[in-house]
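This report is meant for a reader who is meeting this structure for the first time. It moves from the sheet to the helices, then to the cores and the charged pairs.

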Amino acid sequence: MSGKKERNKERREKRLQEISLLRTIAYSDHQRWWSQETVAVVTGANRGIGFEIARQLAGHGLTVILTSRNISVGIEATKGLQEGGFSYDVHQLDILDGESISAFVEWIKQKYGGIDILVNNAGVNYNLGFDNSVEFARQVVDTNYYGTKNMIKAMIPAMKPSAAGARIVNVSSRLGRLNGRRNRIQDATLREKLTNLETLSEELIDRTVSSFLQQVEDETWQSGGWPQTFTDYSVSKLAVNAYTRLVAKELCDRPQGEKIYINCYCPGWVKTAMTGWAGNISPEVAADTGVWLSLLSDQAITGKFFAERREINF
């Protein structure tokens, strides 16, 4: 291992140790803006990072709604919460199905009156190791970007007003960074348009992912200047990151008491089914930043990207 890689590894391990310590520190009464009446929804919560985010939020005393595409799988997952005496519920939700989303929103409104926190965790990735197939690119983009976007649009009207503000947390990835040193879009003009909030728009994001999918269909994507690692996943998360910033801008003028803060974060390379259990971070640690962003009390942070509780550039 090179000296630089060794130093990076040491820094990351040190930061993970710091996070493990931070997780042992209880929130003070002053910091706890939430109660058991606070409702958090976590999509794709039947396993992995999603389940761990749900478990940790429930452990902090919130009422957590676990959603799963397969309801029987979701119900089975909740058995892991029963012994803790947590407040939780479970509901079927397929973020690719508009009718499923509508039914879920209506159920939430009728049973809970709305929600306070939305964690968009549901996502897919079909590449492992050094693979870079785009065979399932449309499903990856539809799930990771359009599914997340549709959930945000559907749930914003169901978010309850409060002095602390409602929260949206999107589980994303560093692979979707616009201006990273590696694995970025090569078109500098497009990068600038997606970076600049004055030129960023939903139409631009949609057009970007549509262009990628068209090139996949035409089999020209490899010369299109797209990210070279897990290309379809990276493009989908790039879109999620850009949409997070756009929604933050659109929501920033809401009056006090109706604020909604939206951020995204990278959980890292996690030991879950999505990585073929090849990751180097446990789901418990990977969930931490998502939980932290959900519960922030003293800072009106919105439109930002985080990893390991630290803001990083898009």
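In this predicted model, strand S2 (residues 63-68) is joined to S3 by 6 bridges, and the two strands run parallel. One pair of partners can be named here, since leucine 66 has valine 90 in S3 as its bridge partner. Both strands belong to an open sheet of 8 strands with mixed pairing, in the order S3-S2-S1-S4-S5-S6-S7-S8. The edges of this sheet are formed by strand S3 (87-92) and strand S8 (310-312), each of which pairs on one side only. From one strand to the next, the twist averages 25°.

Helices pack on this sheet. Helix H4 (residues 98-112) touches strand S1 (39-42), S2 and S3, and its direction makes about 150° with that of S3. Helix H5 (residues 137-155) lies across strand S4 (117-120), strand S5 (166-171) and strand S6 (260-266), and it runs at about 170° to S4.

The model also contains nonpolar cores. The largest has 49 residues, and those with the most contacts inside it are Phe104, Leu194, Ile205 and Phe212. At least two residues of this core are supplied by each of S1, H4, H5, S5, helix H6 (188-195), H7, H8 and S6, and the largest share, 9 residues, comes from H8. Leaving aside residues up to four places away in sequence, isoleucine 205 touches Tyr145, Leu194, Leu200, Ala239, Ala242, Tyr243 and Leu246. A second, separate core of 34 residues includes Val64, Ile117, Tyr265 and Leu293.

Is phenylalanine 230 buried or exposed? Phenylalanine 230 has a relative accessible area of 5%, and therefore counts as buried, although its place is in the loop between helix H7 (202-218) and helix H8 (231-251). Its contacts, not counting residues up to four places away in sequence, are with Asn125, Asn127, Leu128, Gly129, Asp131, Asn132, Leu175 and Trp269. With one of these, glycine 129, the chain separation is 101 residues, while the C-alpha atoms of the two residues are separated by 9.4 Å.

The count of salt bridges comes to 12, and three of them are set out in the table.

| Basic residue | Acidic residue | N to O distance |
|---|---|---|
| arginine 55 | glutamate 52 | 2.5 Å |
| lysine 79 | glutamate 76 | 3.1 Å |
| lysine 160 | aspartate 116 | 3.3 Å |

Arginine 55 and glutamate 52 both lie in helix H2 (residues 48-59), 3 residues apart, which is about one turn of the helix. Arginine 55 is partly exposed at a relative accessible area of 28%, whereas glutamate 52 is buried at 4%. Lysine 79 and glutamate 76 are separated by about one helical turn because they stand 3 residues apart in helix H3 (residues 71-82). Lysine 79 counts as partly exposed at 45% relative accessibility, and glutamate 76 counts as partly exposed at 48%.

The pair of lysine 160 and aspartate 116 links distant parts of the chain, with lysine 160 in the loop between H5 and S5 and aspartate 116 in the loop between H4 and S4, 44 residues apart. Lysine 160 is partly exposed at 21% relative accessibility, while aspartate 116 is buried at 8%. Salt bridges also form a network, which links Lys149, Lys153, Glu202 and Asp206.

Terms used:
Residues numbered from 1 in each chain as written. Predicted model: local features only at pLDDT ≥ 70, side-chain atom pairs only at ≥ 80, totals over all residues. Heavy atoms only, no water. Pairing = 2+ DSSP bridges. Helix = DSSP H or I, 4+ residues; strand = E, 2+ residues; numbered from the N terminus. Axes fitted to C-alpha atoms, helices over the stretch in contact; angles between N-to-C directions. Contact = heavy atoms within 4.5 Å. Buried < 20%, exposed > 50% of the residue type's maximum accessible area, 1.4 Å probe, protein only. Core = buried A, V, L, I, M, F, W, Y, C linked by side-chain atoms within 4.5 Å. Salt bridge = Lys/Arg side-chain N within 4 Å of Asp/Glu carboxyl O.
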